[in-house]
Amino acid sequence: VIPSDLLRGLRDHKPAALARAISLVENGATGFEDLLAAIHGSLGRSRRIGVTGPPGGGKSTLVERLTAAYREAGLTVGVVAVDPSSPFTGGALLGDRIRMERNSLDPGVFIRSMASRGSLGGMATTTGEVADIMDAFGFDRILIETVGVGQSELDVATAADTTLVVLVPESGDGIQVMKAGLMEIADVLVVNKADRPGADRLRQELEVAIGLRSGQVYRHVRAHHGVAVKRDGGTEGPRDRTPPLVFGAPVPRSPGPPDWEPPVLATIATDSTGVGELVGALDRHFAHLEQTDQLAGRRKKRLEIRTREVVDRAVRRWIWSSEGQAAEVESALKDVTAGVKSPYEAAAGIVAKLLGGVGV
Ligand SMILES: Nc1nc2c(ncn2[C@@H]2O[C@H](COP(=O)(O)OP(=O)(O)O)[C@@H](O)[C@H]2O)c(=O)[nH]1
Ligand SMILES: [Mg+2]
């Protein structure tokens, strides 16, 4: 049961209700699923932007700068930042908190950092649910920053309309990025720390890697010696006499709206260089999603994934609970450790009892 004043507070844009609703969801406290069900019909107003990439790349700094840019444009911003939890304090990274708090006196901004430790439903689900609350509250933009380790980097793509991948010259070359799967989820790529050596080269490598993926291998490669390469393979410029270079012919694309090709931008988050261009690229991507109906497609996919996750979470919660099979599991574990049963026999026994218990 959800207190009706909480729903009303959300609808009336009361920050205290927002904070309470988010805590309810983050802690999985009684009634949190009822609350999420109740707001479901009002979702879809916010644009959700996932910000991902290796730790230390400048995601938080960039999120702060993006927030400032959106505020200047008169837009409200919700930020969900997933912080690596310390096994000692369970706390969020202090540096992130302090930096983020610079924006937090502004009522048009709401920032929530969540510790990534032990959430039953998985971090990506909870993050998406917190974003739902922010959406229902009415933020124009929701920025979701990941920890930047492993699967969570990739999961953000299912929680966002647009995924921004932030890399730095230290991230390695374009091929490595492709191998890590980041290229697959990137709608916009940023090479941050463009003040550092190697930024330009990484940017070029990323452009080549994107070209490889879209089948237009040499499209982005700049010709040497200032020779501009024309689309028909001819050349112009000071070295007109050079024989035309042979470029990979574009692979025929399927008919329909042109595919989005992720732009590769350069930023220096610490002094806001390139942030205006980044805002522009994010807007363009969203417009592309709308024009091609991919927005509806992505959001449907998101609902499907969410539903699966919620079922999964509910089943797991029940199994380990006292009404469920906790006692059965305990005794089966003893059999396994005593060498009486294999994990498989034990698990099969638990599942059989479970099915019997719910009368299937
Ligand atoms: N030189 C340089 N440092 C930056 C830039 N952007 C961020 N940093 C610094 O990089 C460090 C990590 O940034 P942070 O935003 O916490 O990265 P995150 O782990 O990806 O969130 C901080 O000390 C930032 O001040 C940049 O464009 N250039
Ligand atoms: Mg960070």
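**Exercises on a predicted model**

About 18,900 Å² of the protein is exposed, and carbon and sulfur atoms supply 57% of that area. The model you are looking at is predicted, so let's work through it together.

**Exercise 1.** Describe how helix H3 packs against helix H6.

*Solution.* Start with the two quantities that matter: packed helices are described by the angle between their axes and the distance between those axes. For H3 (residues 32–39) and H6 (residues 123–137), the angle is about 45° and the axes lie 10 Å apart. Next, classify the angle: roughly parallel needs under 35 degrees, and roughly perpendicular runs from 65 to 115. H3 and H6 are therefore oblique to each other. Finally, add the handedness: the crossing of H3 and H6 is left-handed.

**Exercise 2.** Find which residues of H3 and H6 meet, and sort them by character.

*Solution.* On the H3 side, look for Phe 32, Leu 35, Leu 36 and Ile 39. Their partners in H6 are Glu 129, Asp 132, Ile 133 and Ala 136. Sorting the residues of this contact gives six nonpolar, two charged and no polar.

**Exercise 3.** Ser 272 has a positive phi, and so does Asp 293. Locate each and decide whether it is buried, partly exposed or exposed.

*Solution.* Take Ser 272, with phi near 70°. Ser 272 sits in the loop between strand S9 (264–266) and helix H11 (275–291). Its relative accessible area is 29%, so Ser 272 is partly exposed. Now turn to Asp 293, whose phi is near 65°. The loop between H11 and helix H12 (294–320) holds Asp 293. With a relative accessible area of 59%, Asp 293 is exposed.

How values were computed
Residues numbered from 1 in each chain as written. Chains lettered and ligands numbered in written order. Predicted model: local features only at pLDDT ≥ 70, side-chain atom pairs only at ≥ 80, totals over all residues. Heavy atoms only, no water. Axes fitted to C-alpha atoms, helices over the stretch in contact; angles between N-to-C directions. Helix = DSSP H or I, 4+ residues; strand = E, 2+ residues; numbered from the N terminus. Parallel < 35°, antiparallel > 145°, perpendicular 65-115°, else oblique. Left-handed = near helix turned anticlockwise from the far one by under 90°. Contact = heavy atoms within 4.5 Å. Nonpolar A, V, L, I, M, F, W, Y, C, P; charged D, E, K, R; others polar. Areas by Shrake-Rupley, 256 points an atom, 1.4 Å probe, with all protein chains shown as cover. Buried < 20%, exposed > 50% of the residue type's maximum accessible area, 1.4 Å probe, protein only.
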